[in-house]
Amino acid sequence: MAPTVRTKARPTIHEFDLIRALHRRHGRRTPSMIQGIGDDAAVIISRADQWTVLTTDLLTEGVHFDLRTATMADIGFRAAAANLSDIAAMGATPQYLLAALAIPRAGSRQHVLQLYRGMMAACRPHHVQLIGGDTSGSGGGWFLSLTLIGIVPPRKALFRSGARVGDHLYVTGTIGDALAGLRLLNEPPPRVKRHPRTAALSTRHRKLLIGRHLRPTARIAEGRWLSTHCFATSAIDISDGLSGDLRHICEESHVGVELDLSALPISPACRAYAASRKLDPIHLALAGGEDYELLFTVSPQQRSRVERAAIEQGFSLTCIGMIHPLRFGIQALSPHGRRHRLANTGYEHFT
Ligand code: ADP
Ligand code: MG
């Protein structure tokens with residue numbers, strides 16, 4: 001997941017190169033393994049009639065959260081939502097949670113109870129049960145590592161690798177809100193004279209954007225719906241920004257893409273924030289890290305069926321592009337009708 005706090009760069013490590021190297025060296029395949037390193041979650045065959053889906057995420061104080069802008073309950077909620085979102089991206093149903101925690105000297109029992117209250121609030125709507133974890137002291141800040149286990153019927157899981165030339169690219173909900181919310185949290189209070197434009201944003205929009213950052217919704221129902229009906233050919237969740245996460249679908253599927261920037265679903269709140277700060281809302285939508293929306297591809301044959309069914313279900317989906325051959329690369333069509341190579345403005349650790 002993307003950090004919320006600026007960290008000092010460690011230019012000797014490149015996150016995705018490092019993961020690829022670990023995969024090459026240690027990622028052996030076995031017959032019971034459907035998907036190892038390289039997707040939103042691992043998938044293994046647990047029973048003849050069921051696949052198990054596993055994902056883990058680590059949150060570090062000073063990188064992923066800042067106790068000056070988030071409560072312990074917010075941090076627990078976000079941590080659970082990040083893991084739930086990876087299960088959603090696989091089209092799976094989450095079931096069990098393991099939580100490993102390192103508590104700094106200043107941490108209290110009350111802090112931990114609040115953290116768990118937030119974590120379980122995110123899990124409760126999905127009936128996810130806490131089944132274990134580990135507890136340790138920390139010489140530094142807080143560390144929270146969650147592991148989530150889910151299930152999916154055999155051959156129904158959604159992978160990053162299934163996009164085909166001619167497929168349409170879709171995203172759920174709206175994107176850019178969480179980044180706008182994070183930026184709002186990191187601004188000095190509105191009373192400080194240095195930011196006179198802060199007042200231009202309504203309290204309702206401000207609350208909505210901050211809520212999207214602190215209490216994101218994992219698209220579990222949408223993911224299951226896409227997998228149950230075989231509507232999606234590939235899927236990923238947006239946890240590092242659209243422009244970065246889109247690349248993972250292209251790399252794993254060996255395809256190119258044209259992203260239609262004028263089609264990006266941007267909320268009125270995000271547009272109002274962008275206008276008040278003289279920012280381009282498209283930039284927020286491309287770079288925004290943790291919206292936890294699903295990005296997925298649909299074959300041309302399924303397109304109208306998916307759009308009709310989404311309306312019936314009350315799901316918000318937007319078509320934002322088209323899959324092309326690999327040689328096309330990753331391109332964006334600007335609102336002025338010009339094509340250009342899409343830069344990766346999403347988040348990557350260590351760069
Ligand atoms: P996501 O953003 O969906 O959580 P990541 O970019 O964190 O995905 O991870 C991509 C893939 O790399 C996943 O399959 C994940 O399990 C794997 N991965 C990440 N870090 C490590 C690590 N330190 N060791 C082994 N596998 C890793
Ligand atoms: Mg993911």
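In the predicted model, strand S7 (residues 168–172) is covered on both faces. In a regular strand the side chains alternate between the two faces of the sheet. His168, Tyr170 and Thr172 lie on one side of S7, Leu169 and Val171 lie on the other, and all are buried. Five of the five residues of the strand are thus counted as buried.

S7 pairs with two strands. With S10 (residues 294–298) the pairing is antiparallel and extends over four bridges; within it, Leu169 stands opposite Thr297. S11 (residues 317–325) also runs antiparallel to S7 and is joined to it by five bridges, with Leu317 as the bridge partner of Thr172.

Phe296 is in contact with His168, Leu169, Tyr170, Val171 and Thr172, when neighbours within four places in sequence are set aside. On the same basis, its further contacts are Leu226, Ala232, Ser234, Ala235 and Leu317. Phe296 is also among the residues with the most contacts inside the largest nonpolar core, along with Trp225, Leu242, Leu259, Leu264 and Leu295. This core comprises 95 residues, and its largest share, ten residues, is drawn from helix H2 (residues 72–89).

Elsewhere, the axes of helices H4 (residues 177–186) and H5 (residues 203–214) approach within 7 Å and cross at roughly 105°. An angle of 65 to 115 degrees counts as roughly perpendicular, and H4 and H5 are therefore roughly perpendicular to each other. H4 contributes Asp177, Ala178, Ala180, Gly181, Leu182, Leu184 and Leu185 to the contact, and H5 contributes Arg206, Leu209, Ile210, Arg212, His213 and Leu214. Eight of the residues in this contact are nonpolar, two are polar and three are charged.

Notes:
Residues numbered from 1 in each chain as written. Chains lettered and ligands numbered in written order. Predicted model: local features only at pLDDT ≥ 70, side-chain atom pairs only at ≥ 80, totals over all residues. Heavy atoms only, no water. Axes fitted to C-alpha atoms, helices over the stretch in contact; angles between N-to-C directions. Parallel < 35°, antiparallel > 145°, perpendicular 65-115°, else oblique. Contact = heavy atoms within 4.5 Å. Nonpolar A, V, L, I, M, F, W, Y, C, P; charged D, E, K, R; others polar. Core = buried A, V, L, I, M, F, W, Y, C linked by side-chain atoms within 4.5 Å. Buried < 20%, exposed > 50% of the residue type's maximum accessible area, 1.4 Å probe, protein only. Pairing = 2+ DSSP bridges.
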